[in-house]
Amino acid sequence: RGHADNRSFSTHGSRTRVRGVDADRAAADTVREVLEGLGTHEVRTAAEALSAAFECGTWSPDVVVFDRSAGDATAFGAWVRRQHGMSRCWLVASGATGTPWATMPNGFDATLAKPYAVRSLVDAIERGTRSGRRPLTAA
């Protein structure tokens with residue numbers, strides 16, 4: 001993005017709040033189990049963009065990992081950026097290898113190609129929580 005990024009994240013206890021949005025429920029559940037198993041993340045999942053948007057109104061995440069199988073990533077990213085309390089959320093787009101990645105969806109901060117290693121996912125999340133945006137969560 002061509003402008004300074006002054007987002008700051010609130011801390012929710014000692015855990016980073018992550019919303020996983022993926023039509024593949026098994027993949028979403030695996031991501032949730034792995035991240036919560038690290039003890040530094042609180043994760044909630046949704047299978048599609050509309051339910052994720054609705055749930056973000058009651059549980060504000062620090063990071064959203066949005067798989068392109070769950071709907072229109074560009075529309076979801078634009079919606080998040082317009083919401084009070086969500087504009088500072090770090091957005092990560094994911095998709096299967098071979099997905100056209102010519103450009104990152106508007107409003108998103110990072111991309112991950114599936115299949116991805118747990119370390120790659122954690123690194124993508126941590127990029128949104130460091131550099132003055134939010135202190136890294138305690139291990």
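Two strands count as paired if DSSP finds at least two bridges between them. The model used in these exercises is predicted.

**Exercise 1.** Find how many bridges join strand S1 to S3, and decide whether the two strands count as paired.

*Solution.*
Step 1. Strand S1 covers residues 16–21. Four bridges join S1 to S3.
Step 2. The cut-off is at least two bridges, so S1 and S3 pair. They run parallel.
Step 3. Look at one position: Gly 20 stands opposite Val 65 in S3.

**Exercise 2.** Work out the strand order of the sheet and name the strands at its edges.

*Solution.*
Step 1. Five strands form an open sheet with parallel pairing. Their order is S2-S1-S3-S4-S5.
Step 2. The edges are strand S2 (41–46) and strand S5 (110–114). Each has a single partner strand, so one side of each lacks a neighbour in the sheet.
Step 3. Now the twist. On average, neighbouring strands are turned by 20° against each other, direction ignored.

**Exercise 3.** Classify the aromatic pair of Phe 66 and Phe 76, and say which parts this pair ties together.

*Solution.*
Step 1. The ring centres of Phe 66 and Phe 76 are 4.6 Å apart, and the cut-off is within 6.5 Å, so the rings pair.
Step 2. The planes differ by 20°; under 30 degrees counts as stacked, so this pair is stacked.
Step 3. Phe 66 lies in strand S3 (residues 63–67) and Phe 76 in helix H3 (residues 73–82). The pair therefore ties together parts ten residues apart in sequence.

**Exercise 4.** Are Phe 66 and Phe 76 buried or exposed?

*Solution.*
Step 1. Buried means under 20% relative accessible area.
Step 2. Phe 66 has 0%, so Phe 66 is buried. Phe 76 has 4%, so Phe 76 is buried too.
Step 3. Ring pairs link Phe 66 and Phe 76 with Trp 79 and Phe 108 into a cluster.

Key: Residues numbered from 1 in each chain as written. Predicted model: local features only at pLDDT ≥ 70, side-chain atom pairs only at ≥ 80, totals over all residues. Heavy atoms only, no water. Phe/Tyr/Trp six-rings, centres within 6.5 Å; stacked < 30°, edge-to-face > 60°. Buried < 20%, exposed > 50% of the residue type's maximum accessible area, 1.4 Å probe, protein only. Axes fitted to C-alpha atoms, helices over the stretch in contact; angles between N-to-C directions.
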